[in-house]
Amino acid sequence: MTSAVNVGLGRNGPWLQNDWLRVETRQADGSIAPVALTGAFRPTERAIAYVRLVGGLDAHFGRSDYDVQPVSDARGAGQALTLTSRDPRSGVTLRREIALYDGHPFCVLRLGISNDSDAPRHVESMHVFGTPDAGRGKLQLASNTADLRIYRNGWQSWSPTMSFGGAQLDVQSGPPVLAPEQPQRESGRFASDDVGVLFDPQAQRSMLAGAISARDMLTRIFIDAPSRAIDVRCLGDGVAVDPGETLWSERIIIDLAGTPIEQLDRYGEALGREMGARVPPTTPSGWCSWYYFYTGVTEDDAIRNLRYLESHRRDLPVDTFQIDDGYQADIGDWLVTNEKFPHGMAWLAAEVKKAGYTPGLWLAPFLLADTSRTYADHPDWVVANGDGTPALATDNWQRNNWALDGTHPDALAWLGELFHEVCDGWGYDYVKIDFLYAAALAGRRHEAGATRVQAYRRALAKIRETVGDSRFILGCGSLMAPSVGMFDGNRIGLDVAPFWRNLTTEERARLPVRPRLPDDGLSAEGALRNTLTRLWMHGRLWLNDPDCVLVRTDRTKLTLDETRTLVSVIGLSGGMMLVSDDMDKLPPERLELLTMLVPVLPHAGVPQDLMERDMPERLVYCYERGGEPMQTTALCNFDDVAKDLPLSLAPGRWHAFELWSERYLGIHEGSIEFTLVEPRGCRVVALRPATGAPCVVGTNAHIGVGAIDIIEERVGASRLDVVLDNAGRRERRLWIVGGNVASATVAGAQRSVVAADGAWAIDVDREAGNELTVTFE
Ligand code: 9PG
């Protein structure tokens with residue numbers, strides 16, 4: 001039971017308090033101080049708020065009035081306290097709303113600006129929560145600057161997301177592709193999009209600041225570790241507040257409770273709820289043409305791979321068949337198909353449906369190439385620079401690609417017709433919409449009063465409305481928080497590639513910018529980084545798309561170790577699983593790697609060391625069976641040299657099994673040491689409590705190692721019954737402990753049993769029956 005929010009009046013001003021948090025205010029200057037009650041964590045004495053107007057004038061709080069009202073919204077019931085102050089210099093009134101809820105440890109802040117003058121005021125940025133330059137507001141942290149850890153998120157799918165140390169340099173990529181603004185160029189200064197976390201390892205305290213609404217403005221969290229400063233900023237894009245009007249910022253969470261991972265989970269939950277996230281009950285798996293065929297893909301390549309899937313349905317029961325970039329006449333001319341697809345795209349969709357798969361198609365609907373027919377016909381549909389020239393969204397495909405203006409009514413109507421034809425006409429029930437950030441470029445638009453986020457969401461809403469609720473939309477190159485509610489799935493990282501990294505460590509160290517597209521961007525490593533660092537989004541904002549799995553042995557530089565690491569991380573991420581190989585070139589053991597990923601696990605693993613290093617090495621997938629806590633962990637070595645990776649265990653005795661070596665490791669307590677794990681290699685370790693009772697300690701059917709390929713175990717007198725699921729490989733091996741096995745049978749037929757490393761290995765073909773009975777002497 002949680003109690004209601006209390007409100008009181010202190011010496012300096014009113015305060016709010018619930019079971020976890022107290023927020024004190026100072027009427028003298030409108031500042032606030034949040035205090036976590038556990039351990040009295042009080043990161044700042046005085047957090048200020050202000051609005052920067054275009055032209056450089058700031059509107060500040062002075063002596064403030066206050067008002068308290070009950071609230072009831074997506075977060076439940078609570079109390080909202082509003083501080084109000086008029087700034088005579090700028091002729092505006094500022095409002096600072098602080099909401100506390102009965103059932104949450106965080107507070108939610110908003111900043112409002114009302115124009116009481118007789119001329120419009122143009123808003124550059126709204127600073128909702130920040131530390132002042134001087135005085136008592138600086139962040140109070142126990143760690144040295146270099147030891148602080150900062151989680152920085154990128155504004156779109158491809159933007160590198162990771163934790164940094166407080167003396168490191170932020171990612172140096174600039175607008176428009178990887179960031180909305182120029183990067184921070186001094187070490188220890190970070191600009192994070194939507195959400196940022198500052199972790200103080202010395203005090204073991206964490207502060208998260210993040211926008212839980214993103215319908216109107218981009219929110220950026222600036223963290224300056226050496227100066228002990230934070231600035232949570234919503235970008236106003238210069239929009240006008242007319243006389244008599246009020247403009248509100250996005251809603252910002254400040255969370256001081258628990259660990260960074262708990263805070264990110266809570267943040268994801270709140271953002272998803274506020275923005276009406278769509279989370280389909282089943283996660284797509286299938287085939288995608290891009291990472292083998294690229295733009296050269298032909299109808300024949302597609303059909304060959306479709307036939308392969310059809311004839312391997314028992315081994316690879318996937319659902320989706322997606323054609324990527326390469327069918328269209330030009331970027332923007334989506335309905336004109338090139339000569340590589342002679343039967344046309346409607347025919348192909350029908351073939352895919354006949355084969356029993358969902359047809360999927362790639363488009364970059366917010367790009368118009370300067371060579372395209374659509375741009376030639378409608379040069380006024382694109383976002384412009386200040387001088388009226390079109391704004392460059394990307395020079396990919398060796399040409400200039402401009403950005404579609406989401407506020408132009410004719411451009412919106414065109415989007416509607418386009419998706420109507422692709423979905424209702426051609427028959428595609430799954431669309432991968434790419435390079436979406438283009439619609440959120442800074443620039444001049446048809447409707448001058450719209451922000452870039454509003455333009456972006458208007459264009460997406462048009463697509464969603466046309467595509468309908470029953471079809472699947474996968475976002476890519478897309479903004480993060482502003483996309484919630486629009487997509488079913490979203491790409492959360494850089495493109496994967498059939499090589500680990502395309503530069504040596506030395507070359508990479510010499511790069512002025514790191515990571516950078518395309519030189520340093522497209523790689524298996526880059527894709528895996530975001531797969532690991534954005535796991536908290538999965539199932540809360542959408543289904544995560546970690547990008548494709550590549551298991552091929554031709555046209556690849558990935559070693560078997562690297563391939564297994566890719567498979568292990570994608571598998572335990574619980575995200576979408578699309579393979580992008582030329583299927584009939586796969587050796588049988590590589591097809592088996594894919595089989596081990598189907599179906600997809602029902603939830604995401606947790607990157608335990610997210611705040612410790614930029615490439616988390618410990619991905620832990622927890623679940624329960626028969627009331628017992630089970631866990632499958634991928635331990636990865638992302639260094640370039642072999643190293644030891646210890647796995648620490650929760651109190652008690654645990655059976656341990658390692659998947660790739662197929663070995664029962666015995667019973668362990670405290671920790672298990674994996675020595676000299678090869679560079680870019682991994683260990684997938686299944687743990688379950690060692691109770692003394694007979695049980696399954698391992699299987700090689702599926703990457704979850706028992707998480708979904710075993711449904712139930714029943715222990716009887718000298719016997720163990722195991723109910724198997726179809727998940728994963730048909731022919732699998734189970735490792736069992738508990739006395740000497742007398743017999744193992746499936747549907748009455750004897751199975752061979754061999755002793756292996758202190759366990760009993762039993763081969764089972766699940767098509768022979770799904771119940772295994774083991775009896776002991
Ligand atoms: C098709 C591809 C695939 C892929 C997408 C996207 O920054 N860049 O220049 C850049 C170019 C292409 C790219 C990502 C970044 O790939 O992520 O899955 O659909 O387009 O062209």
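Let me start with the ligand, which in this predicted model is surrounded by 16 residues, the closest being Tyr 291, Asp 324, Asp 325, Lys 432 and Asp 495. If we sort the residues of that shell by character, we find nine nonpolar, one polar and six charged.

Now to the polar contacts, where three side chains deserve a look. A polar side-chain atom of Asp 495 sits 2.6 Å from an oxygen atom of the ligand, and for Asp 324 the corresponding distance from a polar side-chain atom to a ligand oxygen is 2.7 Å. In the side chain of Trp 158, an N or O atom is 3.2 Å from an oxygen atom of the ligand. The ligand taken alone would expose 460 Å², and the protein buries 92% of that area.

Let me turn to the backbone, beginning with the cis peptide bonds. One of them joins Pro 175 and Pro 176, with omega at about 0°, and Pro 176 belongs to the loop between β13 and β14. Another joins Val 598 and Pro 599, with omega at about -5°, and here Pro 599 is placed in the loop between α11 and β34.

Finally, which residues have a positive phi although they are not glycines? Asp 237 is one, with phi at about 55°, and it is found in strand β18, which covers residues 229-241. Arg 680 is another, with phi at about 60°, and it lies in the loop between β40 and β41. As for their surroundings, Asp 237 is partly exposed, because its relative accessible area is 33%, whereas Arg 680, at 18% relative accessibility, counts as buried, since the cut-off for buried is under 20%.

How values were computed:
Residues are numbered from 1 along each chain as its sequence is written. This is a predicted model: local features need pLDDT of at least 70, side-chain atom pairs count only at pLDDT 80 or more; totals for chains, interfaces and linings use all residues. Side-chain values use heavy atoms; hydrogens and water are left out. A residue is near a molecule or strand if one of its heavy atoms lies within 4 Å of it. A polar contact is a pair of N or O atoms within 3.5 Å; within protein, one must be able to donate a hydrogen and the other to accept it, and residues adjacent in sequence count only if both atoms are side-chain atoms. Accessible areas come from the Shrake-Rupley method with a 1.4 Å probe; for residues, only the protein chains shown count as cover. Ala, Val, Leu, Ile, Met, Phe, Trp, Tyr, Cys and Pro count as nonpolar, Asp, Glu, Lys and Arg as charged, and the others, Gly among them, as polar. Helices (H or I, at least four residues) and strands (E, at least two) are DSSP runs, numbered from the N terminus. Buried means under 20% relative accessible area, exposed over 50%, partly exposed in between (1.4 Å probe, protein chains only).
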